[in-house]
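Please work through the model below. Short questions follow, each with a reasoned answer.

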Amino acid sequence: MSWGTELWDQFDNLEKHTQWGIDILEKYIKFVKERTDIELSYAKQLRNLSKKYQPKKNSKEEEEYRYTACKAFLSTLNEMNDYAGQHEVISENMTSQITVDLMRYVQELKQERKSNFHDGRKAQQHIETCWKQLESSKRRFERDCKEADRAQQYFEKMDADINVTKADVEKARQQAQLRHQMAEDSKADYSSILQRFNQEQWEYYHTHIPNIFQKIQEMEERRIVRIGESMKTYAEVDRQVIPIIGKCLDGIVKAAESIDQKNDSQLVVEAYKSGFEPPGDIEFEDYTQPMKRTVSENSLSSSKEGKPELKFGGKSRGKLWPFIKKNKLSLKLGATPEDFSNLPPEQRRKKLQQKVDDLNKEIQKETDQRDAITRMKDVYLKNPQMGDPASLDHKLAEVTQNIDRLRLETQKFEAWLAEVEGRLPARSEQARRQSGMYDGQTHQTVTNCAQDRESPDGSYTEEQSQESELKVLATDFDDEFDDEEPLPAIGTCKALYTFEGQNEGTISVVEGEMLSVIEEDKGDGWTRIRRNEDEEGYVPTSYVEVYLDKNAKGAKTYI
């Protein structure tokens with residue numbers, strides 16, 4: 001079956017059909033492009049959905065994702081993000097393997113179609129030209145034959161007329177012979193053109209047109225095959241991501257199977273356990289005793305009998321405080337105490353432990369930075385052309401100061417943590433001093449707050465008045481420092497760097513200043529000094545050069 005033999009006379013219809021085929025191909029390209037746009041839009045919406053429900057950093061939501069159910073939900077969000085990525089892969093592959101390829105092929109197809117039909121029109125024009133030549137020679141031959149017949153008839157008429165001269169007859173005879181010769185020439189020309197036209201026509205219908213139509217047929221068949229291959233690719237692009245999508249779905253199923261309700265229940269206990277014992281039975285308060293008293297009882301005995309009852313009643317209410325009201329002092333201060341004493345024991349322990357861990361991380365970070373600066377300074381000392389070693393002294397001192405500050409903070413919180421865990425019966429003098437140097441007023445408030453709430457039997461109560469609370473707040477810190485006797489000087493020191501004493505218990509010094517040492521470093525990184533007999537406080541040991549008196553082994557330097 002060949003279009004050249006079967007459709008030799010359907011040039012125009014073939015031209016329309018091939019144009020329709022190109023239109024179909026372009027329609028399929030448009031379909032694939034719209035599919036890729038849908039895939040991209042779907043992937044974008046899935047990513048936005050996953051991002052929308054992701055926990056916010058440093059927020060309460062992030063803490064909730066400790067639970068296995070929330071972790072499973074987070075895994076689902078991550079898998080959906082990967083799922084969206086596969087739809088992006090579908091879009092990219094369809095664009096590169098189908099859309100771009102077919103668009104380039106359509107341009108080539110249009111060019112090839114244009115060339116083939118141009119050759120067909122050229123062959124048509126040639127055969128039409130040959131046909132016109134044949135028609136022209138045929139009409140000329142016909143005209144010359146008629147002219148020859150008329151000339152012959154005129155000659156015969158002149159020859160039969162006796163009145164016509166011999167010269168006229170001869171002239172008519174010559175004219176008849178000329179016309180006959182012209183007719184013979186036209187006949188020969190017509191025969192030659194006819195033969196040539198038949199040859200051209202045979203070649204046109206049996207060679208040129210079949211070849212051209214065969215090329216058009218092959219072009220059209222290639223187009224059909226190409227669109228079929230593109231449809232296979234369309235399906236294959238989807239099929240390629242099915243295993244990965246299946247893994248995403250398997251990940252969601254695995255996350256769902258990892259949910260442990262018992263573990264989540266235990267986390268709830270750890271998150272909200274107060275550490276308190278449940279309240280005991282409320283003792284009976286006998287209000288009938290006043291009615292049994294005799295008239296002879298004096299008011300003094302009545303007051304003595306009434307005191308235990310009032311104390312007993314207050315004690316009972318104090319045991320129920322976790323279920324009745326919150327810490328009054330915390331509400332008055334308007335902020336959470338630094339030692340988290342407003343929290344139940346178990347929650348307070350967790351907060352303190354978390355704070356200690358965070359401080360240790362910061363210390364490690366600052367230590368790494370100090371080591372890096374020290375190494376850089378050593379490099380500058382060995383190679384002065386690379387930089388000035390003295391330019392790093394200020395930064396090194398600043399980092400050292402930060403490390404000392406963080407270590408003091410860590411020791412302070414570790415002391416509080418030890419109290420909560422029962423490792424220490426009470427806070428050490430050193431921890432109290434360190435606490436006062438940073439946040440003396442806050443620590444006093446928190447300590448007295450805990451004292452005010454604690455009753456002799458270990459339960460918490462809030463029955464004390466506001467006046468007693470404020471009185472304890474005002475006297476605790478003064479008892480620690482103001483009642484002490486002035487300490488004698490044990491040496492002198494020289495300030496190596498300027499230090500701004502911004503915290504309670506510290507003192508500011510200027511570089512080069514000479515001061516008296518009244519208490520040397522006890523391992524906490526701070527030295528107690530005095531200025532002018534009336535101003536004293538603590539400075540970082542690394543900021544001063546200490547010279548002890550003759551009772552010591554010799555001059556010591558702390559850097």
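**Cavity, helix and contacts**

Q: Which element gives the largest share of the lining of the second largest cavity?
A: This is a predicted model. The largest share of that lining is 3 residues. They come from α5.

Q: Which residues line the second largest cavity?
A: A lining residue has an atom within 4 Å of a cavity point. By that rule the second largest cavity is lined by Cys 130, Gln 133, Ile 193, Arg 196 and Phe 197.

Q: Which elements give two or more residues to the lining of the second largest cavity?
A: The lining includes Cys 130 and Ile 193. The elements that give it two or more residues are α4 and α5 (166-257).

Q: How many nonpolar, polar and charged residues are in the lining of the second largest cavity?
A: Cys counts as nonpolar, and Arg as charged. Sorted by class, the lining has 3 nonpolar, 1 polar and 1 charged residues.

Q: What is the volume of the second largest cavity?
A: Cavities of 30 Å³ or more number 2 in the model. The second largest has a volume of about 30 Å³.

Q: Is Cys 130 buried or exposed?
A: The cut-off for buried is under 20% relative accessible area. Cys 130 has 10%, so this residue is buried.

Q: What is the relative accessible area of Cys 145?
A: Partly exposed lies between the buried limit, under 20%, and the exposed limit, over 50%. Cys 145 falls in that partly exposed class, because its relative accessible area is 25%.

Q: How many disulfides does the count come to?
A: A disulfide is a covalent bond between the sulfur atoms of two cysteines. The rule asks for a pair of cysteine sulfur atoms within 2.5 Å. By this rule the count of disulfides is 0.

Q: Why does the span of helix α4 agree with its 93 residues, and how far apart are its end C-alpha atoms?
A: Helix α4 covers residues 68-160. At 1.5 Å a residue, its 93 residues should span 138 Å. The expected span agrees with the model, because the end C-alpha atoms are apart by 134 Å.

Q: Where is the kink in α4 centred?
A: The kink is about 40°. Its centre is Thr 95.

Q: What separates the C-alpha atoms of Ile 90 and Arg 239?
A: Ile 90 is found in helix α4. At 2% relative accessibility, Ile 90 counts as buried. Ile 90 and Arg 239 are 149 residues apart along the chain, yet their C-alpha atoms are separated by 9.5 Å.

Q: Which residue has its C-alpha atom separated by 9.2 Å from that of Lys 71?
A: Lys 71 lies in helix α4. Lys 71 is partly exposed, at 45% relative accessible area. The partner is 185 residues apart along the chain: Ala 256.

Q: What separates the C-alpha atoms of Thr 400 and Tyr 543?
A: Thr 400 lies in helix α12 (residues 393-421). Thr 400 is buried, with a relative accessible area of 17%. Thr 400 and Tyr 543 are 143 residues apart along the chain, and their C-alpha atoms are separated by 9.2 Å.

Q: How many Å apart in space are Ala 489 and Asp 549, C-alpha to C-alpha?
A: Ala 489 lies in the loop between α14 (466-481) and β1 (491-495). Ala 489 is partly exposed, at 45% relative accessible area. In sequence the two are 60 residues apart, and in space 8.9 Å.

Methods:
Residues are numbered from 1 along each chain as its sequence is written. This is a predicted model: local features need pLDDT of at least 70, side-chain atom pairs count only at pLDDT 80 or more; totals for chains, interfaces and linings use all residues. Side-chain values use heavy atoms; hydrogens and water are left out. Helices (H or I, at least four residues) and strands (E, at least two) are DSSP runs, numbered from the N terminus. The expected span of a helix is 1.5 Å times one less than its number of residues. The bend at a residue is the angle between axes fitted to the seven residues ending there and the seven starting there. Buried means under 20% relative accessible area, exposed over 50%, partly exposed in between (1.4 Å probe, protein chains only). On a 1 Å grid over the protein atoms alone, a cavity is a set of points where a 1.4 Å probe fits but cannot get out, and a pocket is an open set with protein on both sides within 12 Å along at least five of seven lines; lining residues have an atom within 4 Å of a point. Grid points are joined across faces, edges and corners, and a volume is the space filled by probe spheres set on the points.
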